[in-house]
Amino acid sequence: MNRSTIDLWVGVFVVLGIGALLFLALKVGNLATFSDNQTYLVQARFANIGGLKVRAPIKSAGVVVGRVADIRFDNETYEALVSMTLGTSYQFPRDTTAKILTSGILGEQYIGLEAGGDGVMLKNGDRVRLTQSAVVLENLISQFLFNKAAETKEPEKQ
Amino acid sequence: MQQLEQLREHARGRLERLGNTVTSQVWRLGFASRFLFYLVMHSATALRRFRLTVAEIYFAGVLSLIIILVSGLFVGMVLALQGYDTLQRFGASESLGVLVALSLVRELGPVVAGLLFASRAGSAITAEIGLMKATEQISAMEMMAVDPIARVVAPRFWGGVISMPLLAALFSAMGIFGGYLVGVQLIGVDSGAFWSQMQAAVDLRNDILNGVIKSLVFGVAVTWISVFEGYDAVPTAEGVSRATTRTVVSSSLAILALDFVLTALMFTGGNNQ
């Protein structure tokens with residue numbers, strides 16, 4: 001085998017390898033999804049964020065419109081202060097509701113935005129007033145058990 | 001009394017041997033580090049006369065393509081079969097793409113490609129350099145005032161370091177294709193869910209870039225061990241065969257140990273997000 005054929009094969013190998021990297025980056029990874037450079041920041045207070053993480057998606061009608069930028073604990077109100085970056089192409093009214101939801105039963109948690117009817121839109125640095133906390137499974141179960149206990153006791157009294 | 005003396009003598013002999021082993025291993029490690037430093041400093045020839053390195057990329061990379069591609073395909077296919085079996089119990093068979101892609105890109109791609117690379121190319125590099133030493137080609141070069149590290153070792157080192165990340169990427173890509181073949185074509189997972197869930201879960205920086213960094217580190221470790229073992233081999237037939245065995249054993253151990261360290265640094269239990 002002379003030199004030039006080796007060069008050809010090495011060239012093919014390098015092209016293949018870089019092609020595989022590109023395939024991983026473009027087809028497997030999420031390079032293309034939500035790389036909006038133009039974003040604005042909105043804050044919201046929640047009594048309980050459950051398992052929400054930074055970089056969790058923010059969805060409206062199921063479409064990803066932003067990501068959670070920062071989660072902090074507010075020492076004065078004892079609430080969680082969540083900062084969200086939204087794409088500027090997505091504008092929401094001022095009375096939008098932010099809910100912490102779960103995708104599926106065991107899935108990751110995300111913030112769902114439900115648009116209100118206000119004519120004024122949210123601006124950079126605004127706060128979403130209407131929020132709904134994450135559903136904590138333990139609270140739900142204990143509530144259910146208390147209700148059950150109350151139901152079974154009542155017939156005995158009568 | 002004499003018995004006690006004998007026992008003490010015996011114990012001291014053992015202790016001395018233990019100390020001797022430790023010292024010689026540390027000595028070897030120091031020599032290996034100095035060797036790597038010297039090698040990197042004298043790489044100018046290998047990079048200026050790039051044809052030397054290209055020939056080694058051909059040897060280490062192109063000739064390893066078949067084993068890497070076929071193994072990647074089968075690993076991906078097995079992952080899809082096994083993953084589907086577990087995921088469908090939880091009704092999450094749509095997440096098959098995520099499972100296949102993340103396991104390949106983060107772990108299996110770099111690690112298995114590294115292990116295959118060590119046994120396919122690393123052992124050959126050691127044997128080649130060791131035999132050159134045994135047949136006194138290396139001494140002959142020194143006699144002719146040609147630096148054997150710059151002329152023989154450096155091109156092989158850089159050839160391996162360049163080849164390894166490309167091979168790992170090819171392994172992962174092929175594995176994902178294998179997972180697609182079994183998961184979507186054979187079992188019938190929805191093709192759209194397979195790809196879209198994969199794209200939603202795999203992160204460019206956290207997953208793919210970290211995988212590439214891993215494979216680069218493994219490439220440096222494996223080729224370093226290979227060229228050093230060859231250069232340090234006892235110049236006899238037995239010495240070369242021992243060095244080749246040591247290359248495969250130490251590179252495999254190095255890959256797995258480094259993998260743990262790198263994983264611990266990169267994925268700290270999801271708390272760094």
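Contacts in chain B reach far along the sequence: among those between residues at least 6 apart, 87% join residues at least 24 apart. Keep in mind as you look around that this is a predicted model.

What are these contacts built from? Chain B has 10 helices and zero strands, so you can trace the chain as the pattern α-α-α-α-α-α-α-α-α-α. Its C-alpha atoms fill a box of roughly 75 × 65 × 35 Å along the principal axes. Of the 273 residues in chain B, 43% are buried.

Now let us zoom in on one pair of helices. Two packed helices are described by the angle between their axes and the distance between those axes. In chain B, helix H7 (residues 148-187) packs against helix H9 (residues 204-232) at an angle of about 145 degrees, and their axes are 8 Å apart. The crossing of H7(B) past H9(B) is right-handed. On the H7(B) side, the residues making the contact include B:Phe157, B:Gly160, B:Val161 and B:Met164. H9(B) contributes, among them, B:Leu216, B:Phe218, B:Gly219 and B:Val220. Sorted by class, the residues of this contact are 14 nonpolar, six polar and one charged.

Finally, step back to see where the two chains meet. How many residues does each chain bring to the contact? Chain A gives 22 residues and chain B gives 25 residues. On the side of chain A that touches chain B, you will find 14 nonpolar residues, together with four polar and four charged ones.

Notes: Residues are numbered from 1 along each chain as its sequence is written. Chains are lettered from A and ligands numbered from 1 in the order in which they are written. This is a predicted model: local features need pLDDT of at least 70, side-chain atom pairs count only at pLDDT 80 or more; totals for chains, interfaces and linings use all residues. Two residues are in contact if their C-beta atoms, placed from the backbone, lie within 7 Å. Ala, Val, Leu, Ile, Met, Phe, Trp, Tyr, Cys and Pro count as nonpolar, Asp, Glu, Lys and Arg as charged, and the others, Gly among them, as polar. Helices (H or I, at least four residues) and strands (E, at least two) are DSSP runs, numbered from the N terminus. A residue is buried if 20 or more other C-beta atoms lie within 10 Å of its own, exposed if 12 or fewer, and partly exposed in between; C-beta atoms are placed from the backbone. Axes are lines fitted to C-alpha atoms, for helices over the stretch in contact, and angles run from 0 to 180 degrees between N-to-C directions. A crossing is left-handed if the near helix is turned anticlockwise from the far one by less than a right angle, and right-handed if clockwise.
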